[in-house]
Amino acid sequence: MAIRQLSETLINQIAAGEVIERPASAAKELIENALDAGATRIEIATAGGGKALLRVSDNGSGMDAADLELAVRRHCTSKISETLEDIRTLGFRGEALPSIGSVARLSIASRKRDSTGGHEIAVTGGKIAHMRPAAANPGTIVEVRDLFFATPARLKFLKTEKAEAGAITEIVKRMAIAFPAVRFVLSGSDRTTLEFPATGDDHLARMAQVLGKEFRDNAIALDAVREEISLTGFAGVPTFNRGNSAHQYAFVNGRPVQDKLILSAIRGAYAETIPSGRYPVAVLSITLDPALVDVNVHPAKSDVRFRDPGLVRGLIVGAIREALARDGSRAATTGASDMLRSFRPGFQPNTQRPQGGWSAETSPSRPFQPTTGFGERPQASFDGLSMPTARAEPQFSPQPAAPEPNARYPLGAARAQIHANYIVAQTEDGLVIVDQHAAHERLVFEAMRKALHSKRLASQVLLIPEIIDIPEEDCDRLMRHAAELSELGLAIERFGPGAIAVRETPAMLGEVDAHGLIRQLADEIAEWDTASGLSAKLEYVAATMACHGSVRSGRRLRPEEMNALLREMEVTPGSGQCNHGRPTYIELKLSDIERLFGRS
């Protein structure tokens, strides 16, 4: 079969299959063009989930007739010149507009800010119409109708209008977080209007618009630098989590990305602090030299490749863990809200007519005569109790933190223990309810984890070394981390070109599947150039041991023991949640309590 040159329209339709996967992809490309043009106001309108109509209007720099003529032609762009190593704009391929025009009905009306009139050009199924003058405000209006009408097969793979509209909403949210100084308006016949007013340099205010006001109260600021790579943003406290990863936003040099390296780093940073099946809320912004990151690895530009992925992963994990250790032990404000919603009035008057006629004893209007709770005999059991202070005495902890005179304690003073499991403490402006088992479990685990990293772990010598055959390149990777693995109790040696001999395994793990462990470590090193999997396994064992070695539910504690537990929680990183990610305490402000009783 002879080789022949494809037509320009067919080439654009092939490119559209990569660049424009769905209406949300087209919306993303058009919004990026508006932002690159310096727009401060962007309005997006949709109909039929973006399939029938997608219109993006901006007040950017606009284009003249010559620019419009080139904008709809393939590989014509103003954003790069001769190199891909210094990309500082969102778009740079010059493929979006011709790709959209090849599969839809595209019209572009634009006017430069210093021009007295505008121009309009249209592309239908790859056919470019003649340029004509048009009345237009400064900026650009791009209108896409009947998306994929020229490639009907693609329409069969699209989801429902509601799902496609939701995907466009997510694109707008990501762009809104990345550019807080820009006002975004999303409207249309298939949705309710969504507006994000500009917040200037206040990134947290924009995040609150997108993620909800609760994020502001449950976010910890991030600000870290490592070898000219900076990380800023906000990470939610562990107890403020969600059922999926849709609330994790990452940006590289201002570009929204969905990179597996970054998502994996977020997951690793929150390990042992969030329950299985739950996901943290985080907004991360990475800034680095454009030459150190490749954004040209996928037509959609959602994936990136870092020159030093290990450095970026270490920066993310370290910054989030440091922030959680500094301020992540506090309980999420949503816990108090859930508590308030669960409260119901304790007394419900009996409005049913009593059987057998009226009597003073059964009348719902009879005078109140308490028989339990407030009588002298039930209250007598409280006579011998003295009001405890916030001091932490040595009966509970071998080395409790010595209280300072007139010190203020965030978790307050223990006042009672209820149901032999929950400690009620009074703070300066409310009360705290602590799950004693979950809290002590976390304290024990943190002590064991500290021991894991302070000295070489005990190992057990195998009577007969296990010989594991793996590819030679995996052997090379493992031996580069041999010293690190030895500190964790795993001693390995090279055994020929394509085999590893395992001579010692960590004693904490007991009986070990050495073959599975080595292969898993080899795969992890090949993917991330790190051998953290073994450390994670050891921490999992430590978490299990901590669970079984902690104060059990049902044990009655003395006031000094309860206060010692509270004091240790205040100085222990991550004490706001147990090893399984559940909250260890819930805080209820005095204003919330007063609202329950109608006092505010």
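Which residue in β16 is the bridge partner of Ser230? Keep that question in mind while you set up the view, and remember throughout that what you have open is a predicted model.

**The whole chain**

Begin with everything displayed as a cartoon, where the protein shows 19 helices and 25 strands. Of its 600 residues, 45% count as buried. If you consider the contacts between residues at least 6 apart in sequence, 70% of them join residues at least 24 apart.

**The five-stranded sheet**

Now select β11 (229–236) together with strand β16 (residues 282–287), and you will find that the two run antiparallel and are joined by 6 bridges. Here the opening question is settled, for the partner of Ser230 in β16 is Thr287. Strands of a sheet pair through backbone hydrogen bonds, either parallel or antiparallel.

Widen the selection to the open sheet of 5 strands, whose order is β10-β11-β16-β13-β14 and whose pairing is mixed. At its edges are β10 and β14 (255–257), each of which pairs on one side only. Neighbouring strands here are turned against each other by 20 degrees on average, if direction is ignored. Add helix α6 (residues 161–178), which lies across β13 (248–252), β14 and β16 and runs at about 55 degrees to β13.

Before leaving this sheet, select Glu228, which sits in the loop between β10 (219–226) and β11 (229–236). Most residues other than glycine have a negative phi. Glu228, however, has a positive phi of about 65 degrees although it is not a glycine. Is Glu228 buried or exposed? With a relative accessible area of 69%, Glu228 is exposed.

**An aromatic pair and a charge**

Next, show the side chains of Phe215 and Phe240, which form a tilted aromatic pair with 6.4 Å from centre to centre and 45 degrees between the planes. A search of the whole structure finds 1 aromatic pair. Phe215 lies in helix α8 (residues 213–217) and Phe240 in the loop between β11 and β12 (241–242), so the pair ties together parts that are 25 residues apart in sequence. Both rings belong to buried residues, since the relative accessible area is 0% for Phe215 and 2% for Phe240.

Keep Phe240 on screen and add Arg242, whose charged end sits over the ring of Phe240, 4.4 Å from its centre. For another example of this arrangement, select Arg567 and Tyr409, where the arginine lies over the face of the tyrosine at 4.0 Å from the ring centre.

**The nonpolar cores**

Phe215 also leads to the largest nonpolar core, which has 91 residues and in which Ile42, Phe184, Phe215, Ile262 and Phe306 have the most contacts. Helix α10 (residues 309–327) gives the most to this core, with 9 residues. Select Ile262 to see its surroundings: leaving aside residues up to four places away in sequence, Ile262 touches Ala250, Val252, Val257, Leu284, Ile286, Phe306 and Ile316. A second, separate core has 16 residues, including Leu485, Ala514, Leu517 and Ile525.

**From Phe184 to its strand**

Return to Phe184, which stands opposite Phe196 in β9. Strand β9 (residues 194–196) pairs with β8 in the antiparallel sense over 3 bridges, and a hairpin joins β8 to β9 through 5 residues. Strand β8 (residues 183–188) also pairs with strand β1 (residues 41–47), in this case in the parallel sense over 6 bridges. To find one place where β1 and β8 meet, select Glu43, which stands opposite Val185 in β8.

**Further along the chain**

Move on to His419, in the loop between β19 (413–418) and β20 (422–427). Its phi is near 55 degrees, a positive value in a residue other than glycine, and His419 is exposed, with a relative accessible area of 73%.

Finish at the open sheet of 3 strands in the order β22-β24-β23, where the pairing is antiparallel. Its edge strands are β22 (459–469) and β23 (491–494), each pairing on one side only. Select β23 with strand β24 (residues 499–506), and look for the 4 bridges that join them; there, Ala491 stands opposite Glu504 in β24. Lastly, add helix α14 (residues 472–480), which lies across β23 and β24 and runs at about 135 degrees to β23.

Key: Residues are numbered from 1 along each chain as its sequence is written. This is a predicted model: local features need pLDDT of at least 70, side-chain atom pairs count only at pLDDT 80 or more; totals for chains, interfaces and linings use all residues. Side-chain values use heavy atoms; hydrogens and water are left out. A nonpolar core is a set of buried Ala, Val, Leu, Ile, Met, Phe, Trp, Tyr and Cys residues joined through side-chain atoms within 4.5 Å. Buried means under 20% relative accessible area, exposed over 50%, partly exposed in between (1.4 Å probe, protein chains only). Contact means heavy atoms within 4.5 Å. Two strands pair if DSSP finds at least two bridges between them. Axes are lines fitted to C-alpha atoms, for helices over the stretch in contact, and angles run from 0 to 180 degrees between N-to-C directions. Rings of Phe, Tyr and Trp (its six-membered ring) pair if their centres lie within 6.5 Å; planes under 30 degrees apart count as stacked, over 60 as edge-to-face and the rest as tilted. A charge sits over a ring if NZ of Lys or CZ of Arg is within 6 Å of the ring centre and within 35 degrees of the ring normal.
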